[in-house]
Amino acid sequence: MRVLIASSEIVPFAKTGGLADVTGALAKALRRIGVEADCVLPLYRSVDRSRFPLTPAGASVRVPLGHREETGTIEESDGANGVRAFLVRNDRYFDREFFYGTKEGEYADNCERFTFFCRAVMEWLVRTRRSYDVLHCNDWQTALIPAYARTLYSQEEAVRNAGTVFTIHNLGYQGLFWNHDLPLTGLGWELFTPQGLEFYGKLNLMKGGLVFADVLSTVSPTYSREIQTPEYGHGLEGVLYERRGDLYGIINGIDYEEWDPGTDRLIAATYSREDLSGKKTCRADLLAEFGWSGPVDEPVIGMVGRLTAQKGFDLIAEIGEWLAGQRVRVVLLGFGERSYETSMSELGRRYPDRISVRLAYDNRLAHKVEAGADIFVMPSRYEPCGLNQIYSLKYGTVPLVRDTGGLADTVVDADADPERGTGFKFKGYEASELKGAVSRALAAYADRSRWEGIVRRGMEKDFSWEPSAREYVALYQKALQKRGRPKGGSSPQG
Ligand code: ADP
């Protein structure tokens with residue numbers, strides 16, 4: 001089976017968040033189980049061309065954008081980290097400092113940039129007669145691909161028979177633009193209805209995927225149910241409920257080649273479930289990184305994440321004073337919206353003996369937090385899957401999470417289920433509930449043998465990619481069946 005994974009970010013080429021981890025690791029895992037998976041993403045400035053030499057892949061593409069035409073080229077990187085990728089180059093759109101926008105806001109031409117990307121992919125497939133059995137698209141930036149496959153390109157040999165799968169990694173980002181952008185896409189106004197791409201008078205690119213893809217998925221079973229409700233549906237709950245028969249939840253795996261305390265080269269000492277002694281070294285190293293020297297007895301609470309409304313940092317701001325009054329050390333690594341950067345660094349300034357904040361995007365430090373902390377806190381308002389809590393389990397760092405989405409599916413509360421517990425959970429999005437869970441975790445920490453049990457049970461958990469990759473293969477087969485193609489579907493053009 002040949003699959004093309006389209007995404008706006010893919011590890012190891014380009015990453016701002018979990019989407020990149022997931023698409024890169026899935027591609028690798030699929031190849032390991034015999035699926036010929038290729039990737040396609042934009043060629044951003046930050047793609048390291050010395051690490052990933054690029055060669056031209058076929059002719060350049062001409063992409064109609066409203067009354068204009070833009071050209072692009074497709075470049076190929078063979079085998080970086082076991083991932084074969086095609087990168088769509090147009091320097092006007094992608095040779096920029098960031099992928100989506102600056103701190104001041106999104107780039108004003110994002111609709112044009114990602115419409116260009118989607119249509120360049122279609123043009124490339126058609127002109128070079130590359131055919132894939134399945135086009136697997138991810139999030140709004142690639143959502144026009146399933147729409148194009150069933151409209152403007154439905155008669156094209158290279159894509160006509162391809163199944164389309166659309167995966168929602170985060171429903172909070174939908175690619176909403178004003179309706180005047182519709183002509184850029186080349187799609188007709190007959191599609192600008194609530195059953196099509198319209199969303200309360202605006203153009204919603206994510207709906208291209210939700211409406212047109214053969215099969216839909218999201219990144220955890222709980223989130224797949226939550227998004228059919230008004231609380232989590234971000235206004236799209238109706239569409240998702242209608243398509244519930246085609247909507248699946250597959251939990252993300254973890255790339256244990258990157259995230260394993262036994263082999264991690266970014267941490268101060270390696271360790272394992274059998275021998276946790278290295279974790280002490282990591283802890284001291286982490287505290288030093290965050291400006292604390294000397295012995296520290298109290299538990300270290302770690303946090304890493306994008307500083308956005310989704311991640312629950314307003315609850316942290318609310319409980320900051322209380323937290324600083326506990327016997328804890330808090331280390332926070334975050335990068336994102338200015339208002340949260342301000343409120344978090346303010347906490348660090350007010351309670352320098354208890355809370356230390358680093359405003360940065362720093363992968364090395366993220367590994368050090370996972371390894372050196374005792375407790376990892378994720379109080380997300382919503383969380384499609386979440387990766388950090390799964391890394392935490394592997395690193396023997398007990399996750400304390402809100403009971404939602406993928407957090408609900410991956411962490412077992414140690415008070416509710418003492419035999420199987422791997423962490424702590426709280427339900428309501430309330431400061432008092434978060435405080436309650438932190439208090440329970442601190443009480444458990446004080447009981448060394450109980451705590452060790454929780455740590456070791458978490459470290460035993462296995463979230464490798466292979467089982468999830470097999471579930472994706474089953475989805476690809478469902479998509480092929482919808483195209484009237486046999487299971488396993490070898491492409492008509494080989
Ligand atoms: P999301 O995709 O919503 O950002 P996930 O938990 O699924 O959340 O994935 C986040 C990924 O991004 C993890 O690999 C995490 O380590 C990384 N990350 C987030 N913020 C930072 C940061 N400030 N520095 C380094 N890595 C970060």
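**Entry 1: the second largest cavity**

I began with the second largest cavity of this predicted model, and I found its lining to be made up of Ile301, Met303, Ile316, Ile319, Leu323, Val377, Leu434 and Val438. The elements that contribute two or more residues to this lining are β16, α11 (313-324) and α16 (431-446), and of these α11 gives the most, with three residues. When I sorted the lining by class, I noted eight nonpolar residues, with no polar and no charged ones. The space inside comes to about 40 Å³.

**Entry 2: the largest cavity**

I then asked how many cavities of 30 Å³ or more the structure holds, and the count is three. The largest cavity contains about 60 Å³ of space, and I listed its lining as Met303, Val304, Gly305, Lys311, Phe313, Phe376, Val377, Met378, Pro379 and Ser380. Two or more of these residues come from each of β16 (300-307) and β19 (375-378). By class I recorded seven nonpolar, two polar and one charged residues in the lining of the largest cavity. Going back to my earlier list, I see that Met303 and Val377 line the largest cavity and also line the second largest cavity.

**Entry 3: the ligand and its polar contacts**

Next I turned to the ligand, which is surrounded by 20 residues, the closest being Gly18, Arg306, Lys311, Ala360 and Leu387. I looked up which atoms approach the oxygen atoms of the ligand, and I noted three cases. In the side chain of Arg306, an N or O atom is 2.7 Å from a ligand oxygen. Leu387 makes its approach through the backbone, where an N or O atom lies 2.9 Å from an oxygen atom of the ligand. For Tyr391 I found a polar side-chain atom 3.4 Å from a ligand oxygen.

I also checked how far the protein covers the ligand: taken alone, the ligand exposes 560 Å², and the protein buries 94% of that.

**Entry 4: the shell around the ligand**

Which elements give two or more residues to the shell around the ligand? I wrote down α1 (18-32), β16, β17 (329-336), α13 (363-372) and α14 (388-394). Sorted by class, the shell divides into eight nonpolar, seven polar and five charged residues.

Reading the entries together, I note that β16 gives two or more residues to the lining of the largest cavity, to that of the second largest cavity and to the shell around the ligand. Lys311 likewise appears twice in my notes, as a lining residue of the largest cavity and among the closest residues to the ligand.

Key. Residues are numbered from 1 along each chain as its sequence is written. This is a predicted model: local features need pLDDT of at least 70, side-chain atom pairs count only at pLDDT 80 or more; totals for chains, interfaces and linings use all residues. Side-chain values use heavy atoms; hydrogens and water are left out. On a 1 Å grid over the protein atoms alone, a cavity is a set of points where a 1.4 Å probe fits but cannot get out, and a pocket is an open set with protein on both sides within 12 Å along at least five of seven lines; lining residues have an atom within 4 Å of a point. Grid points are joined across faces, edges and corners, and a volume is the space filled by probe spheres set on the points. Helices (H or I, at least four residues) and strands (E, at least two) are DSSP runs, numbered from the N terminus. Ala, Val, Leu, Ile, Met, Phe, Trp, Tyr, Cys and Pro count as nonpolar, Asp, Glu, Lys and Arg as charged, and the others, Gly among them, as polar. A residue is near a molecule or strand if one of its heavy atoms lies within 4 Å of it. A polar contact is a pair of N or O atoms within 3.5 Å; within protein, one must be able to donate a hydrogen and the other to accept it, and residues adjacent in sequence count only if both atoms are side-chain atoms. Accessible areas come from the Shrake-Rupley method with a 1.4 Å probe; for residues, only the protein chains shown count as cover.
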